[in-house]
Structures are given as structure tokens and as C-alpha cells.
Amino acid sequence: MRGAVDRRAVEQWVADYERLWRTPETARLAELFLPDATYLPSPWARPMEGLDQIARFWAAERDGADEEFTMSSDIVAVEEDTAVVRVLIEYGAPGSRPWRDLWVVRFGDDGRCSSFEEWPFAPDQPDGH
């Protein structure tokens, strides 16, 4: 099926996302994202459009490529060109404030992301009700 992805492809994409987050600069984002990809960093944010905006966001959000964090993920669902991934990220020393994210990732025919939507939550963050 054209545009379909499987769990193995999603696992590799998530591993590449983490690898590139740990890489200095943002010049290699085209390995992950299509040129016109959209990136929504939270459900209420305005989406970024295109590699330039995504690169500026990554540069602003990271403390640097040597930022200390651990990341684990679990693929919740994969259907045709879309995957849902549960992600746990702990920044700094073990036991620091964790973030739980839910990622909704839509892929193009070549396996790069065309649309990234993130639902991040921290323990002390209001949960919306």
C-alpha cells in the first residue's frame, strides 16, 4: 500500500528523531521531515510549517546537543500512513521532572514525516479539566 508504514519503520523514525535531537545544529532535519512538513508542539499551539520553522523551534527548545536526557517510547498504533507513539522523556539527572508525550506522526511516501503533532504533559502541569 502506497504511503503505508509499519511498526519497524516507526521505531526507526523515533530512534532517528532522538539521534538528531542529540546532534548539533539542525541541518539534518530533512532526514526526518518533508520540506513542507507541519510540526505542532502542543494541541493548542500554532503549527510550524516547513523545515526552516521546525529548525528554529528545535534550536530554541534544546539546551544543546549535549543536553542530558533519557527517552523511551512505545508505539500505540500504526495505521496506513499514521502512527501514535507514547514517549517518556526525563531531562537532567535520573529522577528529574519527566514529560509524558503522545505523538501523532503522519508519514509521506518516502518515510519522512509530513505532519507531527505532540501532546506533552508534565506532572505539575494542569491537565485541562
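The following legends describe close-up views of a predicted model.

**Figure 1. Confidence of the predicted model.** The protein has an average pLDDT of 88, and 91% of its residues score at least 70. Confidence is highest in β1, at 97, and lowest in α2, where the mean is 92. Where pLDDT is low, the predicted coordinates should not be read in detail.

**Figure 2. Tyr39 and its two ring partners, Phe57 and Phe116**. The count of aromatic pairs in the model comes to 17. In one of them, the ring centres of Tyr39 and Phe57 lie 5.3 Å apart with the planes at 50°, so this pair is tilted. The pair joins distant parts of the chain, since Tyr39 belongs to strand β1 (residues 33–40) and Phe57 to helix α2 (residues 51–61), with their positions 18 residues apart in sequence. Both Tyr39 and Phe57 are buried. The rings of Tyr39 and Phe116 have their centres 4.5 Å apart and their planes at 25°; because planes under 30 degrees apart count as stacked, this second pair is stacked. Here too distant parts of the chain are linked: Tyr39 lies in strand β1 and Phe116 in strand β6 (residues 113–121), 77 residues apart. The relative accessible area of Tyr39 is 0%, and that of Phe116 is 1%, so Phe116 is buried.

**Figure 3. The aromatic cluster that includes Tyr39**. A single cluster is formed by Trp13, Tyr17, Trp21, Phe33, Tyr39, Phe57, Trp58, Trp103, Phe107 and Phe116. Among its members are the residues of the preceding view, Tyr39, Phe57 and Phe116.

**Figure 4. Arg22 between an acidic side chain and an aromatic ring**. Side chains of opposite charge can pair when their charged atoms come close. Arg22 and Glu18 meet through their side chains in a salt bridge, with an N to O distance of 2.9 Å. The charged end of Arg22 also sits over the ring of Phe69, at 3.8 Å from the ring centre. Arg22 has a relative accessibility of 31% and therefore counts as partly exposed.

**Figure 5. Salt bridges of Arg106 and Arg112**. The model contains seven salt bridges. In one of these, Arg106 pairs with Asp81, and the closest N and O atoms are 3.7 Å apart. This contact links distant parts of the chain: Arg106 lies in strand β5, whereas Asp81 lies in the loop between β3 (69–79) and β4 (82–91), 25 residues apart. Both partners count as partly exposed, Arg106 at 41% relative accessibility and Asp81 at 24%. Arg112 forms a salt bridge with Asp110, in which the closest N and O atoms are 2.8 Å apart. Arg112 is partly exposed, with a relative accessible area of 22%, and Asp110 is likewise partly exposed, at 48%. Elsewhere, salt bridges with shared partners connect Asp16, Arg19, Arg28 and Glu31 in one network.

**Figure 6. A nonpolar surface patch and strand β5**. Val76, Leu102, Trp119 and Phe121 form a nonpolar patch on the surface, and their accessible area together is about 320 Å². Leu102, one of these residues, is located in strand β5 (residues 98–107). With a relative accessibility of 35%, Leu102 counts as partly exposed. Trp99 also has its place in strand β5. The relative accessible area of Trp99 is 24%, so Trp99 is partly exposed. Trp99 and Arg62 are separated by 37 residues in sequence and by 14 Å in space, C-alpha to C-alpha.

**Figure 7. Positive phi angles at Glu25 and Glu80**. Glu25 is a residue other than glycine, yet its phi is positive, near 70°. Glu25 is placed in the loop between α1 (7–21) and β1. Its relative accessibility is 63%, and because residues over 50% count as exposed, Glu25 is exposed. Glu80, which is not a glycine either, has a positive phi of about 50°. Glu80 lies in the loop between β3 and β4. At 46% relative accessibility, Glu80 counts as partly exposed.

Note on methods: Residues numbered from 1 in each chain as written. Predicted model: local features only at pLDDT ≥ 70, side-chain atom pairs only at ≥ 80, totals over all residues. Heavy atoms only, no water. Phe/Tyr/Trp six-rings, centres within 6.5 Å; stacked < 30°, edge-to-face > 60°. Helix = DSSP H or I, 4+ residues; strand = E, 2+ residues; numbered from the N terminus. Buried < 20%, exposed > 50% of the residue type's maximum accessible area, 1.4 Å probe, protein only. Lys NZ or Arg CZ within 6 Å of the ring centre and 35° of its normal. Patch = residues over 30% accessible without salt bridge, like charges linked within 9 Å, V, L, I, M, F, W, Y side chains within 5 Å. Areas by Shrake-Rupley, 256 points an atom, 1.4 Å probe, with all protein chains shown as cover. Salt bridge = Lys/Arg side-chain N within 4 Å of Asp/Glu carboxyl O. pLDDT = per-residue confidence, 0-100.
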